[in-house]
Amino acid sequence: MWENLNLKFSKYPARMNVAQKMFELGLRIGEDGKIYCGDLKISDSALAAATNVDRRVIKSTVDVIIADKELYEIFSNIVPAGTLIKNIAKNLDLGVIEIEAGEKSDGVLAKVAWIMSKHKINIRQAYAGDTKLNAKPVLTIITEDPIPGELLNEFIKVDGVLKVSIL
């Protein structure tokens with residue numbers, strides 16, 4: 001998909017930014033050619049403000065996506081992932097750990113989950129940044145209980161992990 005987007009928008013970086021923002025936020029293109037988050041219609045001007053482009057760029061981006069069967073199939077079926085509770089975890093007495101991964105990030109989630117399982121730490125939510133969108137993707141894990149600081153060393157030893165933060 002990203003190769004196709006790069007090909008379609010190589011001369012139009014603003015359009016590429018719009019497509020990436022739509023993907024990041026879980027925004028889809030409806031049958032009516034409008035942009036939605038779930039069933040909530042998103043105005044072109046709101047998305048334009050979020051991506052720092054003119055609203056006409058939103059319309060042209062949508063037109064290009066609709067004209068490409070493969071891209072339209074993807075962008076018409078995007079579903080928002082739901083609430084990421086990272087920012088309210090402390091209010092809910094939950095733990096949060098962020099793990100920054102490098103290029104060799106295969107299996108990081110599985111290895112981190114295994115370490116947590118070994119220490120009887122229940123995972124409530126996990127969210128990983130897309131490796132195609134981020135040079136250094138971040139894996140965010142919300143746990144039932146705060147993460148003990150002494151586990152930092154175990155997490156940092158996982159292949160592909162560059163940085164670990166307990167929030």
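**Exercise 1. Which ring does the charged end of Arg15 sit over?**

Solution. Keep in mind that this is a predicted model. Start at the charged end of Arg15 and look for the ring beneath: the ring belongs to Tyr12. The distance from that charged end to the ring centre is 4.1 Å. Since a charge has to be within 6 Å of the ring centre to count, this pair passes the distance test. Now try a search for aromatic pairs: the count there is zero.

**Exercise 2. Find the salt bridge that Lys59 makes, and say where its two residues lie.**

Solution. A quick reminder to begin with: side chains of opposite charge can pair when their charged atoms come close.

- Step 1: the partner of Lys59 is Asp63, with N to O at 2.9 Å. The cut-off is 4 Å, so the pair counts as a salt bridge.
- Step 2: both residues belong to helix α4, which covers residues 55–67. They are four residues apart, or about one turn of the helix.
- Step 3: check the accessibility. Lys59 has 48% and is partly exposed, and Asp63, at 37%, is partly exposed too.

This is one of six salt bridges found in the whole structure.

**Exercise 3. Is Glu98 buried or exposed, and what does its salt bridge with Lys86 tie together?**

Solution. Let's take the bridge before the burial.

- Step 1: the side chains of Glu98 and Lys86 meet at 2.6 Å, N to O.
- Step 2: place them. Glu98 sits in strand β4 (residues 95–101), while Lys86 is in the loop between α5 (69–75) and β4, so their bridge links parts 12 residues apart in sequence.
- Step 3: Glu98 has a relative accessible area of 18%, and buried means under 20%, so Glu98 is buried. Lys86, with 27%, is partly exposed.

**Exercise 4. Which helices does the salt bridge between Lys118 and Glu154 tie together?**

Solution. The closest N and O atoms of this pair are 3.1 Å apart. Lys118 is in helix α6 (residues 108–118) and Glu154 in helix α7 (residues 152–156), so the bridge joins parts 36 residues apart in sequence. As for accessibility, Lys118 is partly exposed at 44%, and Glu154 is partly exposed at 24%.

**Exercise 5. Work out how helices α3 and α4 are arranged.**

Solution. Helix α3 spans residues 44–51, and its axis comes within 8 Å of the α4 axis. The two axes cross at roughly 105°. Angles from 65 to 115 degrees count as roughly perpendicular, so that's the label for α3 and α4. Residues making the contact include Leu47 and Ala48 of α3 and Ile58 of α4. Lys59, from Exercise 2, is also among them.

Notes: Residues numbered from 1 in each chain as written. Predicted model: local features only at pLDDT ≥ 70, side-chain atom pairs only at ≥ 80, totals over all residues. Heavy atoms only, no water. Buried < 20%, exposed > 50% of the residue type's maximum accessible area, 1.4 Å probe, protein only. Phe/Tyr/Trp six-rings, centres within 6.5 Å; stacked < 30°, edge-to-face > 60°. Lys NZ or Arg CZ within 6 Å of the ring centre and 35° of its normal. Axes fitted to C-alpha atoms, helices over the stretch in contact; angles between N-to-C directions. Parallel < 35°, antiparallel > 145°, perpendicular 65-115°, else oblique. Contact = heavy atoms within 4.5 Å.
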